[in-house]
Amino acid sequence: MSTNKAPYIGENSPLNQITTYFSALQSSAEEYLFVVDLNSKVILLSDNFMKDFDFPSNIVDDFDNLIMPFIYHDDREIFEEAMKDIWAEETGTTVKCEFRLLHSNGDYGWVSLSMTIGADEFNEQPSILCGVIKRLDEISRADYVTGLLKRNVFYNDLQKDLDNPHSHGAVVVIALDNFNTITETYGHKFGDGALRQIAQNITNVLPPDIRLYKLDGYSFGLFMPEAMPEELEIIFASVQLCMREIRNVEDTIYCTASAGAAFYPTDAKDVTTLMRYAEVALEIARQKGRDQISFFEKDTYDRWRYDIGMQNVMQNCIARGCEDFFLCYQPQVDAGRGGSPALVRPRRQYCCTYAIYSYA
């Protein structure tokens, strides 16, 4: 139990030996630093730790209980497991984890925790634990609006799962359909708040072990090991419900989302191809009317590529003055009269239509 009085650092505590170095280090570091005497369990905190989290002193004996209320509730188990792991390890061991922490601005942001055990002066017994907590958004790994980890982290985490030869699952890309309109109507400040709310709402409906990532623009990504199409449809239905309304003071704003999914290793086995296939499936979902999820299909993908290719060919031809276009005249005939010319207009036996062909 903590008291208003700071714990006492004994004369033989290793904390006494490093106090001078610790003070010099914390003055030049933006990270949160802490050192634990493994014998007395007394903890020395950096000044910014005490200031930002309003701890009673920079010397405490119940660090876990003090910091726990600041950790996002879904991530507290991650922190607890990391602490259990480090207490069970020996000298030289390093334990790392990532979780969301409530910052002084009132928003949750991703942080990385790294802890290492050091030995006594005789290098025989573990005597000290050194820890560093670093804000990931400060090293461009987390999105500053939503606090979600970015695309590069998503790629790295997905690759780790793909490295397992027995892994299988799905990659899902979720994109907001009409969010540009909301931002243009109500301003970027409201848009940022709405985007943060949507990210939180989607996170809340995902399974506890599935992490949501922020991709480019107004899109999110996730990968779900051992996922089946039916499971993804159920999850996406929950996503649709959780983001139907975004409220501000005066109005109710409606926003929808579309999603595309690709399965590994069935559709592809590498990150780049899986993401391309999932994004193509997303585009197809939007073409079908939006507010739905679409799964990658090779035949649909081939048709989509053909259509895109033909559009590019035609645009290039137009840019060159339509030099590759030509007219084909086709007479209209009446099949019911044995191929006789159709009497489409008075006084005319033939009526011709034309078509434009490119690279016929």
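The following exercises, with worked solutions, concern the sheet, the nonpolar cores and the enclosed spaces of a predicted model.

**Exercise 1. The sheet**

Determine the order of the strands in the open five-stranded sheet, and explain why one side of each edge strand lacks a neighbour.

*Solution.*
1. The strand order is E8-E9-E7-E12-E13, and the pairing is mixed.
2. The edges are occupied by E8 (213-214) and E13 (293-295); each has a single partner strand, so one side of each has no neighbour in the sheet.
3. Further in, E7 (residues 169-176) pairs with E12 (residues 257-264) in the antiparallel sense, over eight bridges. Within this pair, Val-173 of the model stands opposite Gly-260 in E12.
4. Helix H9 (residues 271-287) lies across E7, E12 and E13, and runs at about 145° to E12.

**Exercise 2. The nonpolar cores**

Identify which residues of the largest nonpolar core touch the most other members, and which element gives the most residues to this core.

*Solution.*
1. The largest nonpolar core has 34 residues, of which Leu-176, Phe-220 and Leu-232 touch the most other members.
2. Two or more residues come from each of the strands E7, E9 (219-225) and E12, and likewise from each of the helices H6 (179-186), H7 (188-205) and H8 (229-242).
3. Among the contributors, H7 gives the most, namely six residues.
4. A separate core of 29 residues lies apart from this one; Val-36, Phe-53, Ala-82 and Val-95 are among its members.
5. To examine one residue in detail, take Leu-232: leaving aside residues up to four places away in sequence, Leu-232 touches Ala-170, Val-172, Met-224, Ala-227, Ala-261, Phe-263, Ile-293 and Phe-295.

**Exercise 3. Cavity and pocket**

State how many cavities of 30 Å³ or more are counted, which element supplies the largest share of the lining of the largest cavity, and what volume the largest pocket has.

*Solution.*
1. The count is one cavity of 30 Å³ or more. The largest cavity holds about 50 Å³ of space.
2. The lining of the largest cavity is formed by Val-172, Ile-174, Leu-222, Leu-232, Ile-235, Phe-236, Val-239 and Ile-293.
3. At least two lining residues come from each of E7 and H8, and H8 supplies the largest share, four residues.
4. Leu-232 thus belongs both to the largest nonpolar core and to the lining of the largest cavity.
5. The largest pocket has a volume of about 370 Å³. It is lined by 19 residues, of which Pro-208, Asp-209, Ile-210, Arg-211 and Leu-212 are the closest to its centre.
6. H7 and E9 each contribute at least two residues to the lining of the largest pocket.

Notes:
Residues numbered from 1 in each chain as written. Predicted model: local features only at pLDDT ≥ 70, side-chain atom pairs only at ≥ 80, totals over all residues. Heavy atoms only, no water. Pairing = 2+ DSSP bridges. Contact = heavy atoms within 4.5 Å. Axes fitted to C-alpha atoms, helices over the stretch in contact; angles between N-to-C directions. Core = buried A, V, L, I, M, F, W, Y, C linked by side-chain atoms within 4.5 Å. Buried < 20%, exposed > 50% of the residue type's maximum accessible area, 1.4 Å probe, protein only. 1 Å grid on protein atoms, 1.4 Å probe; cavity = no way out; pocket = protein on both sides within 12 Å on 5 of 7 lines; lining within 4 Å. Points joined across faces, edges and corners; volume = space filled by probe spheres on them.
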